[in-house]
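Let's walk through this model together, beginning with the surroundings of its ligand and then working outward. Keep the 3D view open as you read.

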Amino acid sequence: KPVIIWFRRDLRLSDNPALSAAIETGRPLILLYIDETDIARKDGSAKRVWLHHSLKALSRSIKEKGASLTIRQGEAMAILNDIVAETQSTAIFWNRRYEADRIEADKNIKSELKAKGLHVETFNGALLTEPWEVSPKSGGDYYKVFTPYWRAACQIIEPNMIDYVPYPAPETLRGHSSVLRSDALSLLPKDLDWDDKVMQGWEAGEAAAWDRLEDFLASSVADYPEARDIPSNKSGTSRLSPHLSAGEISPRQIWHAARASNKNVDKFLSEIGWREFSYVLLYHNPKLASENYKVEFNAFHWRVDETALKAWQTGKTGYPFVDAGLRQLYQTGWMHNRVRMVVASFLIKHLLIDWREGEAWFWDCLVEADPASNAASWQWVAGSGADASPYFRIFNPFTQGQKFDPQGDYVKAFVPELKSLPNKYIHTPWTAPSSVLDDANICLDTDYPRPMVDHKSARERALATYKQSRQ
Ligand code: FAD
């Protein structure tokens, strides 16, 4: 009789503890993925595009090993009941997830299947430590500040990882004797053709994740502490986020390989630490994506302005660095971290639009949209989060560009209408004399907008609104 391995956000064959446990039973395997319809928050469009390609890659790898991936769409409990009835499976294995409604769903599924006599076993396949594992000695259930959290987490992780050998991918997979019905894989958007463009610079799947990690460790990790802030530098950061988010590679594998490189990888690993910390915050605050972590922000008076929101989403704010970021997001499903902070600050502080609008836009557009990191990062910028950047820290949208994109390479790549403008004006086209604009063939307003808000007055308005909300 077979056992089920239920893939979720762990679309890989190596270092997959649930898969390894299923293989160890010696039983034939039912390798299953469910496109769940009964979830509180459906994955955004770009993430679904990524998952579509990632599942294709997983399915190919499984086939090469001699088995097949079954894909079903619907409610997880109903599908699992059907499969158990059809195949007489005796056990099910999965790696845990941390969104509140999924924890609840998994609990129910576990008890229902156990009641039917199945062996149910779950594992940590997504994090270096479980979100409940690192608790402060001084009291409280979890750390609310990153630095002490990471110090304490490393005291658990470092010794755990010294002898850790990631599970290798199996040589072969023994599938269930009869091939089960599989639903067509239909995660791509039906009404847009943007998905092909989004995937142009990416390759989903476990093998591609490894190529990216190995490349990064061989050539770029040593420069990471400085290079990570330069958005035009394509190898300045690892770009592993979509792979991590789909579980094509595990943080343990990354840690293991990074330490084995014998380079200085502490800064890079501490960013993986921010991912861990975000999961701690999500686990202890299930409404992290919808409610202010700091309740005093509930009194904040946000503006509702559809036109301004649309200008921001489409990269037409009149601030080239901000616009380049938003266009990079829409075109590639990813945005450089430095620019994320600037565009988020612009939405929240210059436009006074609720951070949840930005979180939702990123959720839909990021190939690596992550329930923990996205929500925690938006709240970090808004000032409403745990260990957040203070509200009064308002990024200047053109000096950030001048500092981190001094030659304007990033802006020119994503705002091509400005590419003939001399560097001196690339971040402030509205200050260029008309002769310069003429030479560059740019007509402000027609080819590129003037700033939609004046930086100085928007800054003052933001600070005044913040002060008012505190009274
Ligand atoms: P690297 O710099 O190479 O870092 C390695 C890995 O560490 C990343 O892949 C990621 O898993 C993790 N990491 C790095 N920085 C952070 C961070 N600040 N918080 C949490 N994890 C981090 N990251 C997501 O994975 N998904 C999101 O939905 C997401 N939304 C964000 C929204 C905003 C407003 C901001 C400011 C940041 C967001 N981030 C998110 C965090 C960060 O921007 C990305 O993880 C990073 O840019 C991914 O690129 P990389 O893989 O090259 O990162």
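Four helices, α9 (241–246), α11, α14 (337–350) and α16, each supply at least two residues of the shell around the ligand. Keep in mind as you explore that this is a predicted model. In total, 27 residues surround the ligand, and the closest are T237, S238, S241, N374 and S377. What is the chemical make-up of the shell around the ligand? Its residues divide into eleven nonpolar, nine polar and seven charged.

Now zoom out to the domains. The domain assignment splits the chain into domain 1 (3–126), domain 2 (127–166 + 206–284) and domain 3 (295–470). Where does the ligand lie relative to domain 2 and domain 3? Both of these domains give residues to the shell around the ligand, so the ligand lies between them.

Two of the shell helices also pack against each other. Helix α11 covers residues 266–284 and helix α16 covers residues 373–382; their axes are 8 Å apart and make an angle of about 90°. The pair is therefore roughly perpendicular, since angles from 65 to 115 degrees fall in that class. On the α11 side you will find R275, S278, L281 and L282, which meet S373, A375 and A376 of α16. Sorted by class, the residues of this contact of α11 with α16 are four nonpolar, two polar and one charged.

Another shell helix, α14, has a packing partner too. Helix α13 (residues 320–332) crosses α14 at roughly 110°, and the two axes come within 9 Å. That angle makes α13 roughly perpendicular to α14. From α13, the contact draws on F321, V322, G325 and L326, while α14 brings V339, R340, V342, V343 and F346. The contact of α13 with α14 has seven nonpolar residues, one polar and one charged.

Finally, turn to the N-terminal part of the chain. An unreviewed UniProt entry lists residues 1–128 as "domain: Photolyase/cryptochrome alpha/beta". Over residues 1–128 the chain is 44% helix and 23% strand, with 33 Å between the end C-alpha atoms. As for how domain 1 sits against domain 2, their centres, taken over C-alpha atoms, are separated by 25 Å. The contact takes 16 residues from domain 1 and 16 residues from domain 2. On the domain 1 side, the residues that touch domain 2 comprise seven nonpolar, five polar and four charged.

Note on methods:
Residues are numbered from 1 along each chain as its sequence is written. This is a predicted model: local features need pLDDT of at least 70, side-chain atom pairs count only at pLDDT 80 or more; totals for chains, interfaces and linings use all residues. Axes are lines fitted to C-alpha atoms, for helices over the stretch in contact, and angles run from 0 to 180 degrees between N-to-C directions. Angles under 35 degrees count as roughly parallel, over 145 as roughly antiparallel, 65 to 115 as roughly perpendicular and the rest as oblique. Two residues are in contact if their C-beta atoms, placed from the backbone, lie within 7 Å. Ala, Val, Leu, Ile, Met, Phe, Trp, Tyr, Cys and Pro count as nonpolar, Asp, Glu, Lys and Arg as charged, and the others, Gly among them, as polar. UniProt positions are given in the numbering used here, feature names are shortened, and annotations may be inferred rather than shown by experiment. A residue is near a molecule or strand if its C-beta atom, placed from the backbone, lies within 6 Å of it. Domain bounds come from an automatic or database domain assignment.
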